[in-house]
Amino acid sequence: MGQRAVIYCRVSTADQSCVRHKDELKRFAERAGYEVSGIFMETGSGVRVDRAERRKVMALAQAREIDAILVTELSRWGRSTIDLISTLQELESYRVSLIAMNGDDVRPGDATWADAGGGSGRDCRVRAGSDQRAGEVRSGCCQGTREGSRPTERRAAEI
C-alpha cells in the first residue's frame with residue numbers, strides 16, 4: 001500500500017477551472033504510488049487563509065488520516081509566505097508532507113528559508129518533479145534524519 005494522499009486544487013477566479021490540475025495530480029499520484037483518499041477543489045484567493053476546503057485538508061492532516069498533500073505548485077496552497085511557513089511547520093508536526101508536482105523546493109534551514117523567518121536548524125525538503133524519480137519525496141526533519149538534504153554526487157547518481 002502506498003502513502004495516503006489527498007489532492008488539493010485551487011484557482012483564484014470563477015472563470016478558471018481546477019479540472020486540469022486535478023487530472024495532472026491524479027496522474028502524478030499514480031506514477032508516484034500514492035493512494036489518493038480525497039480530492040479537494042476550491043475557488044478563492046490564495047491570500048485568504050480561511051478557505052473551507054483547505055481547512056478540511058488540514059483537519060485530515062491533524063487527525064493523521066493522510067501522509068501527504070499533493071498540489072501542482074506551492075502557490076496553489078497559499079500565496080502568503082508567512083502562511084506557507086506556518087502551515088508547513090504545522091504539517092511537519094503532523095508528519096504530513098506538502099508535495100508540489102512542479103518541483104518547488106522548500107528547505108527549512110536553507111538561507112532562503114531562514115531569511116523568511118522559518119529556519120529551524122534542520123533540513124526538511126518538500127520536493128517532486130521530473131528531475132527526481134517518482135516517489136523521491138523526503139522530509140528529513142520529520143524523520144529525524146538528513147534524508148532531505150541535497151543529494152551528494154553519489155546520491156545524485158542514484159536518483
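**A first look at the fold**

Start with helix α1, residues 19-32: it lies across β1, β2, β3 and β4, and its direction makes about 160 degrees with that of β1. Keep in mind that this is a predicted model. Those strands form an open, four-stranded sheet with parallel pairing, and a second helix, α2, packs on the sheet too.

**The sheet**
- Reading across the sheet, the strands come in the order β2-β1-β3-β4.
- At the edges sit β2 (35-43) and β4 (97-100), each of which pairs on one side only.
- From one strand to the next, the twist averages 25 degrees.
- Inside the sheet, β1 (residues 4-11) runs parallel to β3 (residues 68-71), and three bridges link the pair.
- If you want a spot to look at, find Ile7, whose bridge partner in β3 is Leu70.

**The second helix on the sheet**
- Helix α2 covers residues 52-62 and touches β1, β2 and β3.
- Its direction is at about 155 degrees to that of β2.

**The whole chain**
- In total, the protein chain has seven helices and four strands.
- Walk along from the N terminus and you meet them as β-α-β-α-β-α-α-β-α-α-α.
- The protein chain has 159 residues, and 47% of them count as buried.
- Take the contacts with a separation of 6 or more: 66% of them are between residues 24 or more positions apart.
- On the outside, the protein chain exposes about 8300 Å², with carbon and sulfur atoms supplying 46% of that area.

Methods:
Residues are numbered from 1 along each chain as its sequence is written. This is a predicted model: local features need pLDDT of at least 70, side-chain atom pairs count only at pLDDT 80 or more; totals for chains, interfaces and linings use all residues. Side-chain values use heavy atoms; hydrogens and water are left out. Two strands pair if DSSP finds at least two bridges between them. Helices (H or I, at least four residues) and strands (E, at least two) are DSSP runs, numbered from the N terminus. Axes are lines fitted to C-alpha atoms, for helices over the stretch in contact, and angles run from 0 to 180 degrees between N-to-C directions. Contact means heavy atoms within 4.5 Å. Buried means under 20% relative accessible area, exposed over 50%, partly exposed in between (1.4 Å probe, protein chains only). Accessible areas come from the Shrake-Rupley method with a 1.4 Å probe; for residues, only the protein chains shown count as cover.
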